[in-house]
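Please explain how this chain is put together, moving from its surface to its strands and then to its interior. A formal account in connected paragraphs would be welcome.

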Amino acid sequence: MKAKHLFMLFIGLLFCSIGCNNTEEPTTKEPSVKVEAEKTTTNSVKFSVTSTDAERVAYLVVEASDALTIETPSAEEVLANGEEVTKNKQVIVTVDGLMPETEYLIAVAAQSASHTAYDSVKMTTDAEKVEAKQITFVG
């Protein structure tokens, strides 16, 4: 009889220790972000931003020459100073008002509770089109 009670006590303690062991910390998934060039015009760039497992996503467009003389923007700088976009899906972005024949760096960043992700791509705006005119000489 004593053995039966001790066995039941052991089983009870075993279940309690298994059920009460909640030392695992919740894991936060690392976000992912990708930027892909889509289209350029003389004064605009169009690109896609795709993110997953993110709480915030932002992009920043800088002249590539600025990125060489200044440091390339970090993920933290993009999140602090960039334009936010919809998270956890693909978003198409068009940025207007740019200079023709200029290379731009598009930097994107995504943030979760404890992780960040970063990607970038360079795009060059198109040259201005010059219309050819026919000149007729009278002699």
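In this predicted model, Glu-101 has a relative accessibility of 60%, and because exposed residues are those over 50%, Glu-101 counts as exposed. Glu-101 belongs to the loop between E5 and E6. Setting aside residues up to four places away in sequence, Glu-101 touches Thr-124, Thr-125, Asp-126 and Ala-127. The approach to Thr-124 can be followed at the level of the backbone: the two residues are 23 apart along the chain, yet the C-alpha atoms of Glu-101 and Thr-124 are separated by 6.1 Å.

The strands may be taken next, sheet by sheet. Strands of a sheet pair through backbone hydrogen bonds, in either a parallel or an antiparallel arrangement. One open sheet here has three strands in the order E1-E2-E5, with antiparallel pairing. Its edge strands are E1 and E5, each of which pairs on one side only. From one strand to the next, the twist averages 25°.

Within this sheet, E1 and E2 run antiparallel and are joined by eight bridges. The two strands form a hairpin, with four residues between them. Particular bridge partners show how they are aligned. Lys-39 is partnered by Lys-46 in E2, and Ser-32 stands opposite Thr-52, also in E2. Strand E2, residues 45-52, pairs with E5 as well, again in the antiparallel sense, over six bridges. Here Phe-47 stands opposite Val-93 in E5.

The side chains of strand E5, residues 90-95, alternate between two faces. Val-91, Val-93 and Val-95 point to one face and are buried, while Gln-90, Ile-92 and Thr-94 point to the other and are not buried.

A second open sheet has four strands in the order E4-E3-E6-E7, with antiparallel pairing. Strand E4 (83-84) and strand E7 (116-124) stand at its edges with a single partner strand each, so one side of each has no neighbour in the sheet. Strand E3, residues 56-63, runs antiparallel to E4 and is joined to E4 by two bridges. Within that pairing, Glu-83 in E4 is the bridge partner of Tyr-59.

What do strands contribute to the interior? The largest nonpolar core contains 20 residues, of which Phe-47, Val-49, Val-93 and Ile-106 touch the most other members. Strand E1 (32-40), E2, E3, E5, strand E6 (103-111) and E7 each supply at least two residues of this core. The largest share, four residues, comes from E6. Ile-106 illustrates the contacts made in this region. Leaving aside neighbours within four places in sequence, Ile-106 is in contact with Val-35, Phe-47, Leu-60, Val-61, Asp-119, Ser-120, Val-121 and Met-123. Apart from the largest core lies another, of seven residues, among them Leu-60, Ala-75, Leu-79 and Ala-107.

Aromatic pairing brings Phe-47 and Tyr-59 together. A pair of aromatic rings is described by the distance of the centres and the angle of the planes. The count of aromatic pairs comes to one. The ring centres of Phe-47 and Tyr-59 are 5.4 Å apart and their planes stand at 75°; since planes over 60 degrees apart count as edge-to-face, the pair is edge-to-face. The pair links distant parts of the chain, with Phe-47 in strand E2 and Tyr-59 in strand E3, twelve residues apart. Because burial is set at under 20% relative accessible area, both partners qualify: Phe-47 at 0% and Tyr-59 at 13%.

A further buried position in strand E2 has a polar side chain contact. Ser-51 lies in this strand and, at 2% relative accessibility, counts as buried. The side chain of Ser-51 reaches the backbone nitrogen of Asn-88 at 2.8 Å. Which other residues does Ser-51 contact, leaving aside neighbours within four places in sequence? Besides Asn-88, they are Ser-32, Val-33, Val-57, Thr-86, Lys-87 and Lys-89.

Key:
Residues numbered from 1 in each chain as written. Predicted model: local features only at pLDDT ≥ 70, side-chain atom pairs only at ≥ 80, totals over all residues. Heavy atoms only, no water. Buried < 20%, exposed > 50% of the residue type's maximum accessible area, 1.4 Å probe, protein only. Pairing = 2+ DSSP bridges. Core = buried A, V, L, I, M, F, W, Y, C linked by side-chain atoms within 4.5 Å. Contact = heavy atoms within 4.5 Å. Polar contact = N/O pair within 3.5 Å; in protein donor to acceptor, adjacent residues only side chain to side chain. Phe/Tyr/Trp six-rings, centres within 6.5 Å; stacked < 30°, edge-to-face > 60°. Axes fitted to C-alpha atoms, helices over the stretch in contact; angles between N-to-C directions.
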